[in-house]
Amino acid sequence: MDRKVKEQKRHQQKHSGPKVEKKKLKRQGGSAEDDERKRNPKAFAVQSAVRMAKTFHRAQDIKTKKHHIPLVDRTPLEPPPVVIVVVGPPKVGKSTLIRCLIKNFTRQKLGDICGPVTVVSGKKRRLTFMECNNDINTMIDLAKVADLVLMLIDASFGFEMETFEFLNICQVHGFPRIMGVLTHLDSFKNNKTLRKTKKNLKHRFWTEVYQGAKLFYLSGMVYGEYQTQEVKNLGRFISVMKFRPLVWQTSHPYVLVDRMEDLTDPERFRTDPRCDRTVSLYGYLRGTHLKNKGQVHIPGVGDFEVADVNFLPDPCSLPDAQKKRALNEKERLLYAPMAGVGGVVYDKDAVYIDLPASHVKQQQEEVRPTTELVQSLIDTHATVDAKMAASEVSLFSGSATLDPADIDEQSEVKEEEQAWDPNTQRNRRKVVFAEKEEGSDVSGSSDEDEDDESDDGDQEEDEDEDNLSTFLKEARAKSDTSKKNVREPPQVKKQKLEERKEEIPVFADSEDELEMSEEEGEAGRPGDSGNCSEESDDDEEAEDDNDENSEDEVEFPRHNHNSAEFILLFLSTGALKWKDGLQQKASEAFLRQQEADPNLRKLVYGPVVEAENGAGEEEELGGLFRVSRPQNSKKVQANAFDCSRFHPDTSHNWDLEEMLNSIRDCFVTGKWEEGQDAATLLKEDEELYGDFEDMETGEVHKGQTGQQDPAEVGPVYLQNSENDDHDDEVEERLVKANDDEVQKKKRMEKKRRLKERFDAEYDDGDATYFDDLKEEMQKQAELNRAEFEDVDDGTRVQYEGFRPGMYVRLEIPSLPCEFVTNFDPHYPIILGGLSSSEGNIGYLQMRLKKHRWHNRILKTRDPLILSLGWRRFQTIPLYHIEDHNGRHRLLKYTPQHMHCGASIWGPVTPQGTGFLAVQSVAGTKANFRIAATGVILDLDKSVTVVKKLKLIGYPSKIFKNTCFVKGMFNTVLEVAKFEGASVRTVSGIRGQIKKALSTPPGAYRATFEDRLLMSDIVFLRSWYPVSVPQLYNPVTSLLLPVGQKDSWAGMRTLGQLKHDLGIRTKPNTDSLYKPVVRAQRRFNPLHIPKELQKALPFKSKPKQQQPKGKMPRDLQRPTVIREPQEKKVAALAAYQTQGVPAAEKKQEEAKLKRHKEARKKLYRVMGQMDQKRQRSSLKGAPQDD
């Protein structure tokens, strides 16, 4: 049903109010803001310098945050498709999302997603989708070539380990653009829980990627697909996204392979099925230019030399540049050879058409037009001329049919109309339509109709495809049954026929394009029938020679239109061939129309049929066309010059400088004479006509003399008129009147332009260093593009190599046979180009850090799988750390939270390249698989890694501070190497090696700080250089059988070997923990000689302490021995005191305290008396007790 479109309410422009006043002021040159600033300057002054400074600093911070280092834009004019990798754990919806996006872009459904799928998403962008499975090898390889990563997250479960692993892989190998996509949101029944989950996942995603990273939500599924609007929004984001060039990708050529062909000799393969294969790989070249005969690495296979490189026609080309908003259905191409999509496959020397067997054996009801056309070619048994002659055509229903007999009869009547053309090798006959003007109008209207129909091509295309197969069947049946004799032209050379076969175009998608291709054939070459596709130089020259004679005739095709071959002829021109050279065809049609004989009566009075000479000059052909010969009429001479029509002179060559100079003064940019300036002529018109009144509207227009700025006058195109003399007089009068004013304005304008030029040269304005840098990079990019812009591809390839964006074919010999026999399209094949030095193997110095999420530290000499550059390989690293004195000391294990150095034997890779390490790529593990990350530092063996070595010896003879040590060395030569080395004992006495002893061998003499004991152990601390193990074992996961490609296992660690073989390590007895039993050492008392005692100061002299004597008897307290009765009384008293109340208890405690104090006083007095007695005894005075 045709619904009426609701008419939008028109905007009513205001004629009064403050906004209108502002606009008026603006037009007059001032503004309200300026007036306010002038009227009240204090209101617009700086209120706070600090706040203004803060605002300025914040604005600058925000501005500089957006800055990034400008790089030269090396993307070609036709860039390769953007690689979009869809990543996520199993069963999260990767394949479904790819299918929905493909359906969104191409309106086609795809079953199994195998290999890269390329689609045209817009006028200037193509996309290549690749699904990444849960294999860590695939994740590592695709992270290196991805431009955009769609990271699918199961919202009902949350983040899984694969997501974080892929993010860390991307961080190492150059971070592509990453967009998160949340799926399984329909499992949430509660809106509050859904919002909370979304928020948590979004912030966690931002933590890993960057703040504000885009996260899409796919709310639910409808019939097994995501909702159309959500997929459309996601596709729109993908289509307009900009990408930052990554260093590794822009410095290396690489190809994501989308097709593989085995070129091995069948005989060689039959004799030896395990022989190496020669394989051709196809794909879009990305990165930088690729040189022929270079070296490439295939991750998962190895390094190979490229035997040959060729560029092929683009199988998924961008649409021709046209001013239109969207693509039509014919331009929404889909190319996925590994998934079985794309019927035509181009090779170096052939084109393969994928024709399923079912289409050949039996005719199906619904067959695609491509297959019908191929069948019509296969079933053909007669020549094209025979079928053309046997067929008839009726252009309109009810009109007479045209067949060869009618044409022969007419050719007998009019012999001069048919002639043999030696250039095109066929009979040609001339047909002129009765009304040239009407014919040109008809062709123009058909062009307009074509444009209208192409806009609505989606509706018509389905009808065309349905009707085409039926039409072809009828046409083929007619052509097979008819057996009419035809008059054939002379024999055509074989070479010409082959040329014609090559030029047979591909097929059109609708009948409208067939009509357009007919019109193109007529318009493109005057004098050609439109269905001859020869394009040799001789033919073109011959056509140009006959051009003058054949301008007024329009050739009618000799063959009829009703056979399948004729449809092939026009339908095969391709989807958009009719638009090639549209401008040139239009200009030729215009010239023909202008040079056609004019009909003045028709121009003046309208289309009136001229009946006077119609019978004599015209005759009917087929009941529809009339053949006219206007050259014989007298009207041609009478109307030879028509001032109302412009006769272009086609002989002018407008590329010549003198031809351009001849018309330069017709434009404003020319050099004007004094009075021929545009402003002067406008003033002249004002003077002549002045004010005038519009009779329809009643408006009076005032003349403005001298008020218009000559700079505001647009380009005026002057024409030679009949009133030149009158104009000259008026012009002289005006120039004299306003000469001073005009000269003054010219001078002011000249000064203003000079000042602007000076300011542009010497004032930087707001341009910063960043802007200058960007401008410099832009100039470099333009220079790079312009260097080989006009050179054809064949020559460019020889100079600069194959440029990115080309669809190339690489032939690689001597590939392992397992690569072909175990080929699985679900795993990506990447050809990574290597520079001249990157093919070598050598020592690499790296900085490495154990990943904080890996649960075990790494051990030196345990094999590790590294992803470095394009390669994945296994090697044995040595970890070391640099001491303060520059020594690189070997570490047994990596530090827990610190960087350390690592030395490996591996492929030479440029400095600054990141790498990651995993311990195993086989299967999936519950723990985080990325063991370490790091960066390349050096590419040589300049670093010497040393390990600590302690040599142990024992004293054999001790002479004061000299000692003979045995058991540390074995020969005299070894001792000689270590003469002067420092040694130490376990007790800490330092010493030095002096000289070797004759016997026993290996013993030496050493001096120490102090005398050694026989129980001391002497050790020498030395550093021993360690050699890096030379192991480089590429991970050849793509050579494994299908289904086992994620189970590659290389060298095992010592722990894994012992675990697999069931070997238990026997512990070293010295390393076992056992209780330490030490004997009590008894030291002799310190003996100081008497002479030394005399020399010592009093403080340090040993004091002669007398042994304490016995206490005198009178001071001894007598022992009280109680009687049994007293004992009982005392016990009873003690028992009673325990049960006394608290008050009595306190009194008892106070009493005891008093007694205690009394005893203290007594003892103090007794002590003082003892001291007095001792003092008196020292003086020698005897005292009585």
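This short talk walks through one predicted protein model, from the whole chain down to single residue pairs.

Ground rules first. The model is predicted, so local features need pLDDT of at least 70 and side-chain atom pairs count only at pLDDT 80 or more, while totals for chains, interfaces and linings use all residues. Residues are numbered from 1 along each chain as its sequence is written, and side-chain values use heavy atoms, with hydrogens and water left out.

Now the overview. The chain holds 36 helices and 40 strands. Both are DSSP runs, numbered from the N terminus: helices are H or I with at least four residues, strands are E with at least two. Of the 1185 residues, 36% are buried. Buried means under 20% relative accessible area, exposed means over 50%, and partly exposed is in between, using a 1.4 Å probe and protein chains only. Next, contacts, meaning heavy atoms within 4.5 Å. Among contacts in the chain with a separation of 6 or more, 74% come from residues 24 or more positions apart.

On to the sheets. Strands of a sheet pair through backbone hydrogen bonds, either parallel or antiparallel. Here, two strands pair if DSSP finds at least two bridges between them.

One open sheet has seven strands, in the order β6-β5-β4-β1-β3-β2-β14, and its pairing is mixed. Why do β6 and β14 each have one side without a neighbour in the sheet? They stand at the edges, β6 at 215-217 and β14 at 334-335, each with a single partner strand, so one side of each is left free of a neighbour in the sheet.

Look at β1 in that sheet. Six of its six residues are buried. V82, I84 and V86 point one way, V83, V85 and V87 point the other way, and all are buried. β1 is residues 82-87, and five bridges join it in parallel to β3, residues 126-131. V85 has M130 as its bridge partner in β3, and V83 stands opposite T128. β1 also runs parallel to β4, with four bridges. There, V86 stands opposite L150.

Helices lie on this sheet too. The angles I give run from 0 to 180 degrees between N-to-C directions, and the axes are lines fitted to C-alpha atoms, for helices over the stretch in contact. Helix α8, residues 228-240, lies across β1, β3, β4, β5 and β6, at about 160° to β6.

Then there is α6. Is it mostly buried or exposed? Eleven of its 13 residues are buried, so α6 is largely enclosed by the rest of the structure. Among the buried ones are F164, F166, L167 and I169. Now its length. The expected span of a helix is 1.5 Å times one less than its number of residues. For the 13 residues of α6 that gives 18 Å, and the end C-alpha atoms are 19 Å apart, which agrees. After α6 comes G174, with a positive phi near 100°.

A second open sheet also has a run of seven strands: β12-β11-β25-β9-β10-β24-β13, with antiparallel pairing. Its edge strands are β12 (302-305) and β13 (308-312), each pairing on one side only. From one strand to the next, the twist averages 35°. β11, residues 295-298, joins β12 through four antiparallel bridges, and I298 stands opposite G302.

One more strand: β31, residues 900-907. Eight of its eight residues are buried. β31 pairs antiparallel with β26, residues 841-850, over eight bridges. It also pairs antiparallel with β29, residues 878-882, over three bridges. Which residue of β31 is the bridge partner of Q845? That is S903. S903 is also the bridge partner of L878.

Last, aromatic rings. Rings of Phe, Tyr and Trp (its six-membered ring) pair if their centres lie within 6.5 Å; planes under 30 degrees apart are stacked, over 60 edge-to-face, and the rest tilted. The whole structure has 15 aromatic pairs. F969 and Y1004 make a tilted one, 5.8 Å centre to centre, with 55° between the planes. F969 sits in the loop between β35 and α32, Y1004 in strand β38, 35 residues apart. Both are buried. F159, F164, W853 and F928 form one aromatic cluster.

Charges can sit over rings: NZ of Lys or CZ of Arg within 6 Å of the ring centre and within 35 degrees of the ring normal. R852 lies over the face of W853, at 4.7 Å from the ring centre. R259 lies over Y282, at 3.7 Å.
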